[in-house]
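User: Please take me through this structure by question and answer. I would like to begin with its pockets and then turn to its sheets and chains.

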Amino acid sequence: MLTSTASWLDAAPPPDLDDVRRMQRISRAMLDRLADDRPLLTQLVNDVLHDPDRLSASRVTLLLNRLSLYQAQDRGFEIRLNMNPRPDNQLVPHDHCYAFATRILTGGYVHVVRRRTDGWTGPFTGADLEPGIVTVERPGSAYTLGDSIVHQAVMEPHTVTLFVRGPRRKKLSHAAEELMPPPESWPAAATAGDAPEESRPCTLAEYQSMRTYLIERDLIG
Amino acid sequence: MEAVLPGFVGRLLAQSRDPSHIPDITVLAASDWLSPLASRVLHLLDTGTYRATGSFLAHGYAYLPLKTPEECTVYLRVSDTRALTFWPVHAPTAVLNMAGTTVMEMYREPDDEQEGRPQYARTLGTGEFFAAHPGALCATGGTVSTVQVLATSEPVTDREGLLSGEAYAAFAQRGRRYLEQASRTLVGAPC
(Lines give C-alpha, C1' and ligand atoms only; values in the text may rest on other atoms or scores of the structure.)
Protein backbone atom coordinates (compact mmCIF):
# COMPACT_ATOMS: atom_id res chain seq x y z
CA MET A 1 0.00 0.00 0.00
CA LEU A 2 1.30 3.44 -0.89
CA THR A 3 1.47 5.44 2.29
CA SER A 4 3.58 8.40 1.27
CA THR A 5 4.45 10.38 -1.82
CA ALA A 6 8.08 11.21 -2.56
CA SER A 7 8.55 14.98 -2.56
CA TRP A 8 10.99 17.77 -1.85
CA LEU A 9 9.94 17.49 1.79
CA ASP A 10 11.93 14.25 2.02
CA ALA A 11 15.10 16.27 1.51
CA ALA A 12 14.05 19.27 3.60
CA PRO A 13 16.57 20.09 6.33
CA PRO A 14 15.45 19.53 9.93
CA PRO A 15 14.29 22.90 11.27
CA ASP A 16 16.82 23.05 14.17
CA LEU A 17 14.23 22.35 16.80
CA ASP A 18 16.41 23.46 19.75
CA ASP A 19 16.89 26.98 18.46
CA VAL A 20 13.69 29.01 17.99
CA ARG A 21 15.49 31.66 15.95
CA ARG A 22 16.86 29.14 13.45
CA MET A 23 13.65 27.12 13.54
CA GLN A 24 11.73 30.23 12.49
CA ARG A 25 14.00 30.81 9.52
CA ILE A 26 14.05 27.21 8.29
CA SER A 27 10.40 26.40 8.99
CA ARG A 28 9.27 29.62 7.38
CA ALA A 29 10.92 28.70 4.10
CA MET A 30 9.52 25.18 4.26
CA LEU A 31 5.95 26.26 5.07
CA ASP A 32 5.99 29.05 2.47
CA ARG A 33 7.04 26.54 -0.17
CA LEU A 34 4.42 24.03 0.91
CA ALA A 35 1.72 26.71 0.96
CA ASP A 36 2.54 27.46 -2.67
CA ASP A 37 2.72 23.79 -3.69
CA ARG A 38 -0.94 22.96 -4.15
CA PRO A 39 -0.34 19.60 -5.88
CA LEU A 40 1.79 18.39 -2.97
CA LEU A 41 -0.64 19.74 -0.39
CA THR A 42 -3.44 17.92 -2.17
CA GLN A 43 -1.45 14.70 -2.33
CA LEU A 44 -0.49 14.88 1.35
CA VAL A 45 -4.11 15.35 2.38
CA ASN A 46 -5.17 12.42 0.19
CA ASP A 47 -2.33 10.22 1.51
CA VAL A 48 -3.53 10.53 5.10
CA LEU A 49 -6.34 8.12 4.37
CA HIS A 50 -3.87 5.41 3.35
CA ASP A 51 -1.35 5.85 6.18
CA PRO A 52 -2.43 4.47 9.57
CA ASP A 53 0.19 6.54 11.39
CA ARG A 54 -0.95 9.84 9.93
CA LEU A 55 -4.60 8.94 10.18
CA SER A 56 -4.33 8.15 13.88
CA ALA A 57 -2.36 11.36 14.42
CA SER A 58 -5.11 13.36 12.72
CA ARG A 59 -7.36 14.53 15.52
CA VAL A 60 -10.37 16.51 16.59
CA THR A 61 -9.60 18.56 19.69
CA LEU A 62 -11.36 21.05 21.91
CA LEU A 63 -9.62 23.87 20.01
CA LEU A 64 -9.74 22.73 16.37
CA ASN A 65 -9.39 19.81 13.97
CA ARG A 66 -6.15 18.76 12.34
CA LEU A 67 -4.65 16.48 9.74
CA SER A 68 -1.17 15.02 10.16
CA LEU A 69 0.24 15.69 6.70
CA TYR A 70 3.84 14.59 7.01
CA GLN A 71 5.89 12.80 9.65
CA ALA A 72 9.68 13.04 9.48
CA GLN A 73 10.59 10.87 12.44
CA ASP A 74 14.22 10.71 11.29
CA ARG A 75 14.41 14.50 11.38
CA GLY A 76 12.16 15.04 14.39
CA PHE A 77 9.29 17.02 12.97
CA GLU A 78 5.68 16.65 11.86
CA ILE A 79 3.67 18.92 9.56
CA ARG A 80 0.00 19.42 10.34
CA LEU A 81 -2.90 21.23 8.75
CA ASN A 82 -5.14 22.89 11.35
CA MET A 83 -8.73 23.93 10.60
CA ASN A 84 -12.28 24.23 11.95
CA PRO A 85 -11.57 26.29 15.10
CA ARG A 86 -14.25 25.85 17.75
CA PRO A 87 -15.46 29.42 18.22
CA ASP A 88 -16.37 29.17 21.90
CA ASN A 89 -13.11 27.52 22.98
CA GLN A 90 -10.47 29.91 21.70
CA LEU A 91 -9.76 31.93 24.83
CA VAL A 92 -7.94 29.39 26.95
CA PRO A 93 -4.26 30.28 27.55
CA HIS A 94 -2.07 27.21 27.03
CA ASP A 95 1.42 26.04 26.25
CA HIS A 96 2.71 23.10 24.22
CA CYS A 97 5.02 20.15 24.91
CA TYR A 98 7.10 21.10 21.88
CA ALA A 99 8.33 24.05 19.88
CA PHE A 100 6.31 24.79 16.78
CA ALA A 101 6.17 27.09 13.78
CA THR A 102 3.02 28.04 11.94
CA ARG A 103 1.91 29.85 8.81
CA ILE A 104 -1.59 31.11 8.12
CA LEU A 105 -3.27 29.97 4.88
CA THR A 106 -6.75 31.46 5.28
CA GLY A 107 -8.64 33.39 7.94
CA GLY A 108 -6.53 34.61 10.79
CA TYR A 109 -6.56 35.41 14.49
CA VAL A 110 -5.62 37.69 17.32
CA HIS A 111 -2.55 36.09 18.88
CA VAL A 112 -1.64 36.93 22.46
CA VAL A 113 1.71 35.70 23.75
CA ARG A 114 1.72 35.77 27.54
CA ARG A 115 4.53 36.35 30.01
CA ARG A 116 4.47 34.10 33.06
CA THR A 117 5.05 35.70 36.45
CA ASP A 118 5.43 32.38 38.34
CA GLY A 119 8.43 30.98 36.46
CA TRP A 120 8.33 29.27 33.10
CA THR A 121 7.53 25.67 33.98
CA GLY A 122 4.66 23.68 35.46
CA PRO A 123 0.96 24.49 35.83
CA PHE A 124 -0.29 28.07 35.91
CA THR A 125 -3.50 30.02 36.32
CA GLY A 126 -4.73 33.16 34.62
CA ALA A 127 -3.45 35.17 37.58
CA ASP A 128 0.10 34.09 36.71
CA LEU A 129 -0.04 35.68 33.28
CA GLU A 130 0.62 39.12 31.84
CA PRO A 131 0.23 40.15 28.21
CA GLY A 132 3.57 40.12 26.40
CA ILE A 133 3.25 40.46 22.63
CA VAL A 134 0.00 40.79 20.67
CA THR A 135 -0.37 40.44 16.91
CA VAL A 136 -3.07 39.83 14.35
CA GLU A 137 -2.09 36.89 12.18
CA ARG A 138 -3.43 36.87 8.65
CA PRO A 139 -2.83 34.86 5.49
CA GLY A 140 0.90 34.68 4.80
CA SER A 141 2.10 35.58 8.28
CA ALA A 142 4.15 33.12 10.32
CA TYR A 143 5.88 32.75 13.67
CA THR A 144 7.67 30.26 15.90
CA LEU A 145 7.04 29.56 19.60
CA GLY A 146 9.15 27.66 22.11
CA ASP A 147 7.69 25.08 24.49
CA SER A 148 7.65 27.37 27.53
CA ILE A 149 5.52 30.10 26.00
CA VAL A 150 1.85 30.48 26.97
CA HIS A 151 -0.39 31.85 24.25
CA GLN A 152 -3.96 32.38 23.02
CA ALA A 153 -4.97 32.19 19.38
CA VAL A 154 -8.48 33.57 19.01
CA MET A 155 -9.28 32.35 15.54
CA GLU A 156 -11.82 33.63 13.07
CA PRO A 157 -14.05 31.07 11.35
CA HIS A 158 -12.47 29.42 8.32
CA THR A 159 -8.96 29.79 9.65
CA VAL A 160 -6.63 27.18 8.16
CA THR A 161 -2.97 27.02 9.13
CA LEU A 162 0.11 24.98 8.36
CA PHE A 163 1.93 23.92 11.49
CA VAL A 164 5.27 22.20 12.01
CA ARG A 165 5.98 20.75 15.43
CA GLY A 166 9.19 19.51 16.93
CA PRO A 167 9.75 16.58 19.28
CA ARG A 168 8.22 16.46 22.74
CA ARG A 169 10.35 18.48 25.18
CA LYS A 170 8.31 18.06 28.36
CA LYS A 171 5.93 15.52 29.79
CA LEU A 172 2.80 17.65 29.96
CA SER A 173 1.40 20.74 28.38
CA HIS A 174 -0.66 23.11 30.53
CA ALA A 175 -3.68 25.36 30.30
CA ALA A 176 -5.25 27.85 32.70
CA GLU A 177 -7.69 25.50 34.39
CA GLU A 178 -10.28 28.12 35.29
CA LEU A 179 -10.49 29.19 31.64
CA MET A 180 -10.78 25.69 30.20
CA PRO A 181 -13.87 25.26 28.03
CA PRO A 182 -16.51 23.07 29.71
CA PRO A 183 -16.72 19.39 28.69
CA GLU A 184 -20.03 20.04 26.93
CA SER A 185 -18.04 21.99 24.34
CA TRP A 186 -15.44 19.26 23.77
CA PRO A 187 -15.60 16.94 20.78
CA ALA A 188 -18.26 14.27 21.14
CA ALA A 189 -16.83 10.80 21.68
CA ALA A 190 -16.34 8.67 18.59
CA THR A 191 -18.41 5.98 20.28
CA ALA A 192 -21.98 6.98 21.05
CA GLY A 193 -22.67 7.19 24.76
CA ASP A 194 -19.06 7.79 25.81
CA ALA A 195 -18.04 11.04 27.45
CA PRO A 196 -16.68 13.94 25.33
CA GLU A 197 -12.90 14.05 25.01
CA GLU A 198 -10.44 16.93 24.90
CA SER A 199 -8.72 15.29 21.95
CA ARG A 200 -9.17 12.07 20.03
CA PRO A 201 -8.26 10.61 16.61
CA CYS A 202 -10.61 11.68 13.86
CA THR A 203 -13.06 9.19 12.44
CA LEU A 204 -13.04 8.35 8.73
CA ALA A 205 -16.13 10.49 8.32
CA GLU A 206 -14.35 13.40 10.02
CA TYR A 207 -11.31 12.93 7.78
CA GLN A 208 -13.56 13.07 4.71
CA SER A 209 -15.29 16.11 6.10
CA MET A 210 -11.95 17.91 6.56
CA ARG A 211 -10.83 16.96 3.04
CA THR A 212 -14.12 18.17 1.55
CA TYR A 213 -13.83 21.40 3.51
CA LEU A 214 -10.35 22.02 2.08
CA ILE A 215 -11.60 21.37 -1.46
CA GLU A 216 -14.53 23.72 -0.94
CA ARG A 217 -12.16 26.41 0.31
CA ASP A 218 -10.05 25.82 -2.81
CA LEU A 219 -6.98 25.01 -0.73
CA ILE A 220 -6.52 21.62 -2.40
CA GLY A 221 -7.69 20.19 -5.68
CA MET B 1 -8.37 67.38 14.03
CA GLU B 2 -9.22 63.90 12.77
CA ALA B 3 -7.72 60.77 14.25
CA VAL B 4 -4.44 59.68 12.69
CA LEU B 5 -4.07 56.14 14.03
CA PRO B 6 -6.21 53.17 13.02
CA GLY B 7 -8.91 52.40 15.59
CA PHE B 8 -7.33 49.13 16.64
CA VAL B 9 -4.31 50.90 18.14
CA GLY B 10 -6.39 52.17 21.05
CA ARG B 11 -7.68 48.66 21.68
CA LEU B 12 -4.14 47.27 21.70
CA LEU B 13 -2.94 49.89 24.18
CA ALA B 14 -5.96 49.38 26.45
CA GLN B 15 -5.54 45.63 26.84
CA SER B 16 -5.65 44.64 30.51
CA ARG B 17 -3.88 41.71 32.15
CA ASP B 18 -7.15 39.76 32.34
CA PRO B 19 -6.65 36.71 30.08
CA SER B 20 -10.29 36.97 29.02
CA HIS B 21 -9.66 40.44 27.63
CA ILE B 22 -8.56 40.03 24.03
CA PRO B 23 -8.43 43.11 21.77
CA ASP B 24 -11.38 42.98 19.39
CA ILE B 25 -9.60 43.33 16.04
CA THR B 26 -10.75 41.55 12.90
CA VAL B 27 -8.34 40.33 10.25
CA LEU B 28 -10.06 42.67 7.81
CA ALA B 29 -9.45 45.71 10.04
CA ALA B 30 -5.85 44.61 10.43
CA SER B 31 -5.37 44.47 6.67
CA ASP B 32 -6.42 47.81 5.21
CA TRP B 33 -4.78 50.50 7.30
CA LEU B 34 -1.35 50.93 5.70
CA SER B 35 -1.99 53.30 2.83
CA PRO B 36 -4.38 55.64 4.70
CA LEU B 37 -2.04 55.84 7.69
CA ALA B 38 0.98 56.52 5.48
CA SER B 39 -0.93 59.36 3.80
CA ARG B 40 -1.95 60.86 7.13
CA VAL B 41 1.57 60.70 8.53
CA LEU B 42 2.97 62.22 5.35
CA HIS B 43 0.51 65.04 5.76
CA LEU B 44 1.83 65.65 9.26
CA LEU B 45 5.37 65.76 7.94
CA ASP B 46 4.52 67.86 4.93
CA THR B 47 2.62 70.47 6.88
CA GLY B 48 5.43 70.88 9.35
CA THR B 49 3.48 69.95 12.43
CA TYR B 50 6.22 67.51 13.38
CA ARG B 51 8.86 68.70 15.81
CA ALA B 52 12.58 68.32 15.20
CA THR B 53 12.99 69.09 18.88
CA GLY B 54 12.55 65.97 20.94
CA SER B 55 13.81 63.54 18.31
CA PHE B 56 16.33 61.01 19.57
CA LEU B 57 18.05 57.67 19.07
CA ALA B 58 17.07 54.60 21.10
CA HIS B 59 16.77 50.82 20.69
CA GLY B 60 18.30 50.87 17.20
CA TYR B 61 15.93 53.51 15.78
CA ALA B 62 15.58 57.23 15.32
CA TYR B 63 12.42 58.42 17.05
CA LEU B 64 10.77 61.40 15.36
CA PRO B 65 7.85 62.79 17.40
CA LEU B 66 4.55 63.18 15.57
CA LYS B 67 1.88 65.53 16.82
CA THR B 68 -1.45 63.74 16.60
CA PRO B 69 -4.80 64.27 18.32
CA GLU B 70 -4.65 60.88 20.03
CA GLU B 71 -4.06 60.69 23.77
CA CYS B 72 -1.05 58.42 23.32
CA THR B 73 2.45 59.50 22.32
CA VAL B 74 3.26 58.82 18.67
CA TYR B 75 6.63 58.62 16.91
CA LEU B 76 7.80 57.88 13.42
CA ARG B 77 10.53 55.31 14.01
CA VAL B 78 13.23 54.92 11.35
CA SER B 79 15.82 52.15 11.56
CA ASP B 80 19.33 53.20 12.56
CA THR B 81 20.93 49.73 12.52
CA ARG B 82 20.21 46.29 11.17
CA ALA B 83 21.39 44.67 14.39
CA LEU B 84 18.90 42.98 16.65
CA THR B 85 18.66 45.40 19.57
CA PHE B 86 17.20 44.86 23.04
CA TRP B 87 14.08 46.89 23.65
CA PRO B 88 12.93 47.33 27.25
CA VAL B 89 9.17 47.89 27.15
CA HIS B 90 8.03 50.30 29.87
CA ALA B 91 4.47 51.01 28.73
CA PRO B 92 1.94 49.42 26.38
CA THR B 93 3.21 50.13 22.90
CA ALA B 94 1.93 49.42 19.39
CA VAL B 95 4.38 49.20 16.49
CA LEU B 96 2.95 49.49 12.98
CA ASN B 97 5.35 48.43 10.27
CA MET B 98 5.02 50.95 7.44
CA ALA B 99 7.94 49.83 5.26
CA GLY B 100 10.68 47.23 5.23
CA THR B 101 10.71 44.29 7.63
CA THR B 102 11.04 44.03 11.39
CA VAL B 103 12.42 40.98 13.15
CA MET B 104 10.94 40.64 16.61
CA GLU B 105 11.91 38.22 19.37
CA MET B 106 10.77 37.65 22.94
CA TYR B 107 12.80 35.99 25.70
CA ARG B 108 12.13 34.39 29.06
CA GLU B 109 15.08 35.84 30.96
CA PRO B 110 17.72 38.51 30.34
CA ASP B 111 20.37 35.80 29.94
CA ASP B 112 18.37 34.32 27.07
CA GLU B 113 18.43 37.67 25.33
CA GLN B 114 22.20 37.94 25.81
CA GLU B 115 22.75 34.46 24.40
CA GLY B 116 20.29 34.78 21.53
CA ARG B 117 17.79 32.18 22.76
CA PRO B 118 14.32 33.56 22.03
CA GLN B 119 11.15 31.66 22.85
CA TYR B 120 9.15 33.59 20.29
CA ALA B 121 10.33 34.73 16.89
CA ARG B 122 8.42 36.54 14.19
CA THR B 123 9.22 38.69 11.19
CA LEU B 124 6.77 41.47 10.36
CA GLY B 125 6.35 42.69 6.81
CA THR B 126 4.93 45.93 5.52
CA GLY B 127 1.41 46.42 6.82
CA GLU B 128 1.78 44.19 9.88
CA PHE B 129 1.88 45.34 13.49
CA PHE B 130 2.37 44.16 17.04
CA ALA B 131 1.82 45.41 20.55
CA ALA B 132 4.33 44.92 23.35
CA HIS B 133 3.50 45.17 27.04
CA PRO B 134 5.61 46.16 30.06
CA GLY B 135 7.82 43.39 31.34
CA ALA B 136 8.13 41.62 28.00
CA LEU B 137 11.79 41.03 27.19
CA CYS B 138 11.99 41.91 23.52
CA ALA B 139 14.49 42.67 20.83
CA THR B 140 13.78 44.01 17.37
CA GLY B 141 15.83 44.54 14.25
CA GLY B 142 15.08 46.24 10.98
CA THR B 143 16.46 46.77 7.53
CA VAL B 144 17.64 50.01 5.99
CA SER B 145 14.10 50.54 4.72
CA THR B 146 12.29 49.82 7.98
CA VAL B 147 9.93 52.62 8.96
CA GLN B 148 7.36 52.25 11.71
CA VAL B 149 4.71 54.26 13.47
CA LEU B 150 5.03 53.69 17.20
CA ALA B 151 2.23 54.60 19.60
CA THR B 152 2.74 54.32 23.33
CA SER B 153 0.73 55.25 26.38
CA GLU B 154 3.79 56.98 27.90
CA PRO B 155 6.62 58.90 26.23
CA VAL B 156 9.85 56.97 25.66
CA THR B 157 12.37 58.12 28.25
CA ASP B 158 15.39 55.81 27.85
CA ARG B 159 17.02 57.84 25.12
CA GLU B 160 20.54 57.25 23.83
CA GLY B 161 21.10 60.69 22.40
CA LEU B 162 19.30 63.58 20.79
CA LEU B 163 19.38 63.93 17.02
CA SER B 164 21.21 66.85 15.46
CA GLY B 165 19.27 68.90 12.96
CA GLU B 166 21.21 67.31 10.13
CA ALA B 167 20.62 63.78 11.39
CA TYR B 168 16.98 64.54 11.94
CA ALA B 169 16.61 65.80 8.37
CA ALA B 170 18.26 62.66 6.99
CA PHE B 171 16.00 60.30 8.96
CA ALA B 172 12.91 62.35 8.13
CA GLN B 173 13.79 62.29 4.46
CA ARG B 174 14.25 58.52 4.51
CA GLY B 175 11.01 58.08 6.39
CA ARG B 176 9.17 60.28 3.92
CA ARG B 177 10.51 58.31 0.95
CA TYR B 178 9.24 54.98 2.27
CA LEU B 179 5.97 56.48 3.51
CA GLU B 180 5.30 57.75 0.00
CA GLN B 181 5.72 54.20 -1.27
CA ALA B 182 3.46 52.87 1.47
CA SER B 183 0.79 55.46 0.69
CA ARG B 184 0.49 53.94 -2.78
CA THR B 185 0.26 50.36 -1.47
CA LEU B 186 -3.20 48.86 -1.61
CA VAL B 187 -2.61 46.14 0.98
CA GLY B 188 0.50 45.42 2.99
CA ALA B 189 2.19 42.09 2.55
CA PRO B 190 3.00 39.81 5.45
CA CYS B 191 6.63 38.85 5.61
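**Pocket, sheets and chains**

Analyst: In this predicted model, the largest pocket has a volume of about 980 Å³.

User: Which residues lie nearest the centre of the largest pocket?

Analyst: The lining of this pocket consists of 37 residues. Strand 1, strand 3, strand 4, strand 8 and strand 9 of chain A each contribute at least two residues to it. Nearest the centre are A:Leu63, A:His94, A:Asp95, A:His96 and A:Ser173.

User: How many residues of the lining of the largest pocket are charged?

Analyst: Sorted by class, the lining has 17 nonpolar residues and 11 polar ones. The charged residues number nine.

User: Which strands stand at the edges of the sheet of 11 strands?

Analyst: This open sheet is antiparallel and runs in the order 10(A)-1(A)-2(A)-3(A)-9(A)-4(A)-7(A)-7(B)-6(B)-9(B)-4(B). An edge strand here has a single partner strand, so one side of it is left without a neighbour in the sheet. That applies to strand 10 (199–201) of chain A and strand 4 (85–88) of chain B.

User: By what angle are neighbouring strands of this sheet turned against each other on average, and what residue stands opposite B:Thr102?

Analyst: With direction ignored, the average turn between neighbouring strands is 25°. Within the sheet, strand 6 (residues 102–107) and strand 7 (residues 120–124) of chain B are joined by five bridges in the antiparallel sense. Opposite B:Thr102, in strand 7 of chain B, stands B:Leu124.

User: What angle does the direction of helix 4 of chain A make with that of strand 2 of chain A?

Analyst: Helix 1 (residues 20–36) of chain A packs on this sheet, touching strands of chain A as well as strand 6 and strand 7 of chain B, and its direction makes about 30° with that of strand 4 of chain A. Helix 4 (residues 204–216) of chain A also packs on the sheet, where it touches strand 1, strand 2, strand 3, strand 9 and strand 10 of chain A. Its direction makes an angle with that of strand 2 of chain A of about 90°.

User: In the sheet of 10 strands, what is the bridge partner of A:His111?

Analyst: The order of this open, antiparallel sheet is 8(A)-5(A)-6(A)-8(B)-5(B)-10(B)-3(B)-2(B)-1(B)-11(B). Its edge strands are strand 8 (150–155) of chain A and strand 11 (161–162) of chain B. Eight bridges connect strand 5 (residues 109–116) and strand 6 (residues 129–137) of chain A. In strand 6, the partner of A:His111 is A:Thr135.

User: Which helix of chain B packs on this sheet?

Analyst: The strands it touches include strand 1 (56–58), strand 2 (61–66) and strand 3 (73–79) of chain B. Its direction makes about 95° with that of strand 3 of chain B. The helix is helix 4 (residues 165–183) of chain B.

User: Why is chain A as compact as a globular protein of that length, and what is its radius of gyration?

Analyst: Chain A comes to four helices and 10 strands. The globule rule gives 17 Å for 221 residues, and the chain's value is close to this, so chain A is as compact as a globular protein of that length. Its radius of gyration is 17 Å.

User: What is the radius of gyration of chain B?

Analyst: Chain B has four helices and 11 strands, and its C-alpha atoms fill a box of roughly 45 × 35 × 30 Å along the principal axes. Its radius of gyration is close to what the globule rule gives for 191 residues, so chain B is as compact as a globular protein of that length. The value is 16 Å.

Technical notes: Residues are numbered from 1 along each chain as its sequence is written. Chains are lettered from A and ligands numbered from 1 in the order in which they are written. This is a predicted model: local features need pLDDT of at least 70, side-chain atom pairs count only at pLDDT 80 or more; totals for chains, interfaces and linings use all residues. Side-chain values use heavy atoms; hydrogens and water are left out. Two strands pair if DSSP finds at least two bridges between them. Contact means heavy atoms within 4.5 Å. Axes are lines fitted to C-alpha atoms, for helices over the stretch in contact, and angles run from 0 to 180 degrees between N-to-C directions. On a 1 Å grid over the protein atoms alone, a cavity is a set of points where a 1.4 Å probe fits but cannot get out, and a pocket is an open set with protein on both sides within 12 Å along at least five of seven lines; lining residues have an atom within 4 Å of a point. Grid points are joined across faces, edges and corners, and a volume is the space filled by probe spheres set on the points. Ala, Val, Leu, Ile, Met, Phe, Trp, Tyr, Cys and Pro count as nonpolar, Asp, Glu, Lys and Arg as charged, and the others, Gly among them, as polar. The radius of gyration is taken over C-alpha atoms; the globule rule is 2.2 Å times the number of residues to the power 0.38.
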